[in-house]
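Please open the structure in a viewer and keep the selection panel at hand. The stops below proceed from the whole chain to individual side chains.

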Amino acid sequence: MAAPLVKLNQPNPEVDQQLQRVETLHQQLKAEHARAQELLARLKGEEYQASRTVPAKAHDWVKGNRQLDMKLDHYRERAKRLEKRAGGKSSMDIGIPELKAEEREIRDLEARVSGLEGRVRGFEGLPPDKEMALLEVEKMRKELEALARRRDMFEGLVEGDK
């Protein structure tokens, strides 16, 4: 029994080497711990703290987001109503042939409007009352007939001189 105790008291280079490695690792862990503590202290500093206005800004963003959601819903409803009014066709269903047909219809309507505007221009200067307008037209017709008679007389005189 004495032999194993003597053997334990003798220096063992392997154990000494392992002990040195453990001490080195312990020193490295201490240094790493100190660096982590410094970093933590810096991160807790005022430089890395959130601004005092962040909660107010977050509230404003949430409020703005809600308003945009409401507007989006409103616009979607309006788009659905417009699609229903357009006969159920969405803007995605309309192609080039449909657009060309629409363009032709618009041009036809423009031509019709131009013609009607020309006809309306013929009534410029007339009174808004129908009876007064008829009297004005009759007066102008008599004046036109008188001018035509004068022209015919003048032409008759010119031809008689030849």
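The tour begins with the overall fold and then turns to surface patches and salt bridges.

**The whole chain**

Select every residue and colour by confidence, since this is a predicted model. The mean pLDDT of the protein is 86, with 89% of the residues at 70 or more. Switch to a cartoon representation: five helices appear, and zero strands. Read from the N terminus, the order of elements is α-α-α-α-α.

Where is confidence lowest, and where is it highest? The lowest mean, 61, belongs to helix α1 (residues 2–9), and the highest, 93, to helix α2 (residues 13–43).

Next, display the accessible surface. The protein exposes about 16,100 Å² in total, and carbon and sulfur atoms account for 58% of that area. Of the 162 residues, 1% count as buried.

**A nonpolar patch**

Select Leu39, Leu43 and Tyr48. These three residues make up a nonpolar patch on the surface, and their accessible area together is about 280 Å². Centre the view on Leu39, which is part of helix α2. With a relative accessible area of 39%, Leu39 is partly exposed; this value satisfies the patch criterion, because membership requires over 30%.

**A negative patch**

Move on to Glu98, Glu102, Glu105 and Asp108, which form a negative patch on the surface. Glu98 can be found in helix α4 (residues 96–121). How large is the relative accessible area of Glu98? The value is 31%, so Glu98 is classed as partly exposed.

**Salt bridges**

Show side chains of charged residues throughout the model. Side chains of opposite charge can pair when their charged atoms come close. A search of the whole structure returns four salt bridges, and the following stops visit some of them.

Select Arg35 and Glu32 first. A salt bridge joins Arg35 to Glu32, and their closest N and O atoms are 2.4 Å apart. Both residues belong to helix α2, where they are three residues apart, about one turn of the helix. Is each partner buried or exposed? Arg35 has a relative accessibility of 48% and therefore counts as partly exposed. Glu32 is also partly exposed, at 43%.

Now select Glu138 and Arg141. Their side chains meet in a salt bridge, with an N to O distance of 3.3 Å. Helix α5 (residues 130–160) holds both Glu138 and Arg141, and three residues, about one turn of the helix, set them apart. Glu138 is partly exposed, its relative accessible area being 33%. For Arg141 the corresponding figure is 42%, which again means partly exposed.

Finally, select Arg151 and Asp152. What links the side chains of Asp152 and Arg151? They meet in a salt bridge, at 3.3 Å from N to O. Asp152 has a relative accessibility of 42% and counts as partly exposed, while Arg151 is partly exposed with a relative accessible area of 48%.

**Returning to the full view**

Restore the cartoon of the whole chain and keep the selections highlighted. Helix α2 carries Leu39 of the nonpolar patch as well as the Arg35 and Glu32 pair. Helix α4 holds Glu98, and helix α5 contains Glu138 and Arg141.

Notes:
Residues numbered from 1 in each chain as written. Predicted model: local features only at pLDDT ≥ 70, side-chain atom pairs only at ≥ 80, totals over all residues. Heavy atoms only, no water. Helix = DSSP H or I, 4+ residues; strand = E, 2+ residues; numbered from the N terminus. Buried < 20%, exposed > 50% of the residue type's maximum accessible area, 1.4 Å probe, protein only. Areas by Shrake-Rupley, 256 points an atom, 1.4 Å probe, with all protein chains shown as cover. pLDDT = per-residue confidence, 0-100. Patch = residues over 30% accessible without salt bridge, like charges linked within 9 Å, V, L, I, M, F, W, Y side chains within 5 Å. Lys, Arg positive; Asp, Glu negative; His and termini not counted. Charge placed at Lys NZ, Arg CZ, Asp CG, Glu CD.
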